[in-house]
Amino acid sequence: DYYLQALEIDPSFAAAYSGLADGYIFLADFGNMPTGEAYQLARDAAEKALSIDPGSPEAHTSMALVLNNLSNQREAETHFLEALQVNPNYVDAMLYYRSSLNSQFRINEATRMTERAVNADPLSYSVRRSLADQFQYNRQYDDSLKVIQEFLAANPEDPTPYELWGDLFQVKGSPQSAIPMYRNAHRLRPGDIYMAWRNTMSGLQ
């Protein structure tokens, strides 16, 4: 809603179109909008952002995110790389690109991209989350747990470390141990449909 309000004030504000595109993707991811509708709106917004500012790293990252969700990883990669060429320290592009690389089983490249993000912004909330997640992809479970515990110590009322800890139990084959972690995450983030689903699925395993 705020992005739409911004565009009412300034219809040529490329960054608002980028944010709008990302917002539609997240609405689809979390079940708040039908996927087909959300992706089309996201693509329209990303294309508008690029038409206004073809050199915007945010616009290229938004387009890459849209394309990646449409399973067009090759074209998405072009936009991720363009964003990082314009701004080599753009952490959002690194983290979304990391996820895309993992989905293609390009784990070594994803690990290097995660390390690059850590070097660019070691205190970032998103970077720490991605680091713990990447360690899980790499089966470096002790390293993942260390990051999660440090995250939890610094942010005891944040649901994210509980979610990550639940995921760690899942990948280690202990779904029952994941349940209290997911319950804590859901308690701290009660409106999260995804976390409610994770609770349910853990209980069925």
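**Pocket, patch and salt bridges**

Q: By class, how many nonpolar, polar and charged residues does the lining of the largest pocket have?
A: This is a predicted model. The lining of its largest pocket divides by class. The count is 10 nonpolar, 10 polar and 9 charged residues.

Q: What volume does the largest pocket have?
A: The pocket is lined by 29 residues. Closest to its centre are D29, F30, R98, S99 and R129. The volume is about 1,200 Å³.

Q: Which helix supplies the largest share of the lining of the largest pocket?
A: Five helices each give at least two lining residues: α2 (14–29), α4 (57–69), α6 (91–103), α8 (125–137) and α10 (159–171). The largest share is 8 residues. Those 8 come from α6.

Q: Is R98 buried or exposed?
A: R98 is among the residues closest to the centre of the largest pocket. Its relative accessible area is 5%. The cut-off for burial is under 20%. R98 is therefore buried.

Q: Which residue meets R98 in a salt bridge?
A: The contact is between side chains, at 3.0 Å from N to O. R98 lies in helix α6 and its partner in helix α8, so the pair ties together parts 35 residues apart in sequence. The partner is D133.

Q: How many residues apart are E163 and R129?
A: The side chains of E163 and R129 meet in a salt bridge of 2.9 Å, N to O. E163 sits in helix α10 and R129 in helix α8, so the pair links distant parts of the chain. The separation is 34 residues.

Q: What relative accessible area does R129 have?
A: R129 is one of the residues closest to the centre of the largest pocket. It counts as partly exposed, a class that lies between 20% and 50%. Its relative accessible area is 28%.

Q: Which residue in the loop between α11 and α12 pairs with E163?
A: E163 is buried, at 4% relative accessible area. A second salt bridge involves this side chain, at 3.1 Å from N to O. The partner lies in the loop between α11 (175–188) and α12, so the pair ties together parts 26 residues apart in sequence. That partner is R189.

Q: Which residues are linked in a network of salt bridges?
A: The structure holds 6 salt bridges. Some of the charged residues join in a network. Its members are E77, R106 and E109.

Q: Which helix gives the largest share of the nonpolar patch?
A: The patch lies on the surface and is formed by F26, F30, Y194, W197 and M201. Together they have about 450 Å² of accessible area. The largest share is 3 residues. These come from helix α12.

Q: What relative accessible area does F30 have?
A: F30 sits in the loop between α2 and α3 (35–52). It belongs to the nonpolar patch and is also among the residues closest to the centre of the largest pocket. F30 counts as partly exposed because its value falls between the cut-offs of 20% and 50%. The relative accessible area is 40%.

Q: How far apart in space are A45 and L67, C-alpha to C-alpha?
A: A45 is placed in helix α3. At 4% relative accessibility, A45 counts as buried. A45 and L67 are 22 residues apart in sequence. In space, C-alpha to C-alpha, they are apart by 13 Å.

Note on methods:
Residues are numbered from 1 along each chain as its sequence is written. This is a predicted model: local features need pLDDT of at least 70, side-chain atom pairs count only at pLDDT 80 or more; totals for chains, interfaces and linings use all residues. Side-chain values use heavy atoms; hydrogens and water are left out. On a 1 Å grid over the protein atoms alone, a cavity is a set of points where a 1.4 Å probe fits but cannot get out, and a pocket is an open set with protein on both sides within 12 Å along at least five of seven lines; lining residues have an atom within 4 Å of a point. Grid points are joined across faces, edges and corners, and a volume is the space filled by probe spheres set on the points. Helices (H or I, at least four residues) and strands (E, at least two) are DSSP runs, numbered from the N terminus. Ala, Val, Leu, Ile, Met, Phe, Trp, Tyr, Cys and Pro count as nonpolar, Asp, Glu, Lys and Arg as charged, and the others, Gly among them, as polar. Patches are made of residues with over 30% relative accessible area and no salt bridge: like charges are joined within 9 Å, nonpolar side chains (Val, Leu, Ile, Met, Phe, Trp, Tyr) within 5 Å. Accessible areas come from the Shrake-Rupley method with a 1.4 Å probe; for residues, only the protein chains shown count as cover. A salt bridge is a side-chain nitrogen of Lys or Arg within 4 Å of a carboxyl oxygen of Asp or Glu. Buried means under 20% relative accessible area, exposed over 50%, partly exposed in between (1.4 Å probe, protein chains only).
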